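Subject: Structure for your review

Dear colleague,

Please find below the structure I am handing over to you, together with its sequence. My findings follow after it.

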Amino acid sequence: MTMESQHSPTAARFPPTSWTMICAARGDGAGAHAALGGLCQTYWAPVYAFVRRKGYGPADAEDFTQGFFAELLERNAFGHVAAEHGRLRTFLLKAVTRYMINRHEFASAAKRGGGIPLLSLDIEPVEGQLCREPSHRITPDVEFARQWALGQLARAFALIEARERERGQLALFQDLKGLISLDSATAPYAEIAARHGMSEGAVKVAAHRLRQGFRSALRSIIAETVTSDEEVDDEIRHLFEVFQSP
C-alpha cells in the first residue's frame, strides 16, 4: 500500500488540531456535529480494522463503525476525553473495546445515526491490508495500532506532497518520495539529477529537506493527539515499534 492512496493532498488539510475538534465536538449544535464528522473521517480506519479482526465481516464492521462514532456523539464522550487530555489513540481503543462489550445495542446504534450523517468510508485500502496478513497473526489491538500508525504517516506524507505541489516541485518529489514512503523505491541520485537537470549535490540537498519536512509534519500531526512534547516522542516511538513487531 502506498500512503498517497489512502489520503489525498486535499484531504490532508484537515482542521489544525484534533484537540480543537474534540472540544468543538462537545454539545448538540450543528458545529458540534460537523466537528465530530471531521474526527470520524480522520480516525475511522483503526476502529474499522479492530472490528474486522474481531471476526466481523466488512458490511457489519462498517455498520459497527458508523454506530460507534454515532454513540460517541450521543454520550458526549469527546467532552470527557477533552477534559482529561488523554491520548486520543488510547481513548478510542478503550472506547471501541467497551462498545463491543456492550454490543447488544449494535444493530440499533448504526441506525440511530447520532444526529450526524452516515460516514463515507473507503474501506477498500484497509481491506487490502487486512487480506495481506493472516488473521491469526494479528490481534485486534495490534491491528488498531497498525492502522493508527498508517493513518498518521499517510497524513504527514500528504501534507508534504501538497507543499511540494505548491512549490512547483511535484516532479522531483515523485522521484524522491520513496525516502518517506513505506513502499516506494528511489532511483540513484545521479539518475534523478540527470532527469531534472540538477547536480547530484542539489538532489541530496532536496532529499535532506524532504526528510526534515516529513519529520516536522509527522511531529505536528502526532502533537494533535497528545498533550505534551514528551508524549509526542513516545507516540513516535510507538508508531515505529508497530512496524517492527512480528
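The accessible surface of the chain amounts to about 11,700 Å², and carbon and sulfur atoms hold 53% of that area. Please note that this is a predicted model, and that the values in this message are computed from it.

The chain has 246 residues, 49% of which count as buried. Its secondary structure consists of 12 helices and zero strands, so that the order of elements from the N terminus reads α-α-α-α-α-α-α-α-α-α-α-α. Among contacts with a separation of 6 or more, 71% join residues 24 or more positions apart.

Turning to the interior, the largest nonpolar core comprises 30 residues. Trp44, Phe68, Phe69, Leu92 and Val96 have the most contacts inside this core. Two or more residues each are supplied by helix H2 (30–53), helix H3 (58–74), helix H5 (88–101), helix H7 (124–132) and helix H8 (140–166). Helix H2 provides the largest share, with 10 residues.

Which residues does Trp44 touch, leaving aside its neighbours within four places in sequence? Trp44 is in contact with Thr65, Phe69, Leu121, Asp122, Ile123 and Val126. Of these, Phe69 is also listed among the core residues with the most contacts.

There is, in addition, a second and separate core of 24 residues. Leu153, Ala193, Ala217 and Leu239 are included in this second core.

Yours sincerely

Technical notes: Residues numbered from 1 in each chain as written. Predicted model: local features only at pLDDT ≥ 70, side-chain atom pairs only at ≥ 80, totals over all residues. Heavy atoms only, no water. Core = buried A, V, L, I, M, F, W, Y, C linked by side-chain atoms within 4.5 Å. Buried < 20%, exposed > 50% of the residue type's maximum accessible area, 1.4 Å probe, protein only. Helix = DSSP H or I, 4+ residues; strand = E, 2+ residues; numbered from the N terminus. Contact = heavy atoms within 4.5 Å. Areas by Shrake-Rupley, 256 points an atom, 1.4 Å probe, with all protein chains shown as cover.
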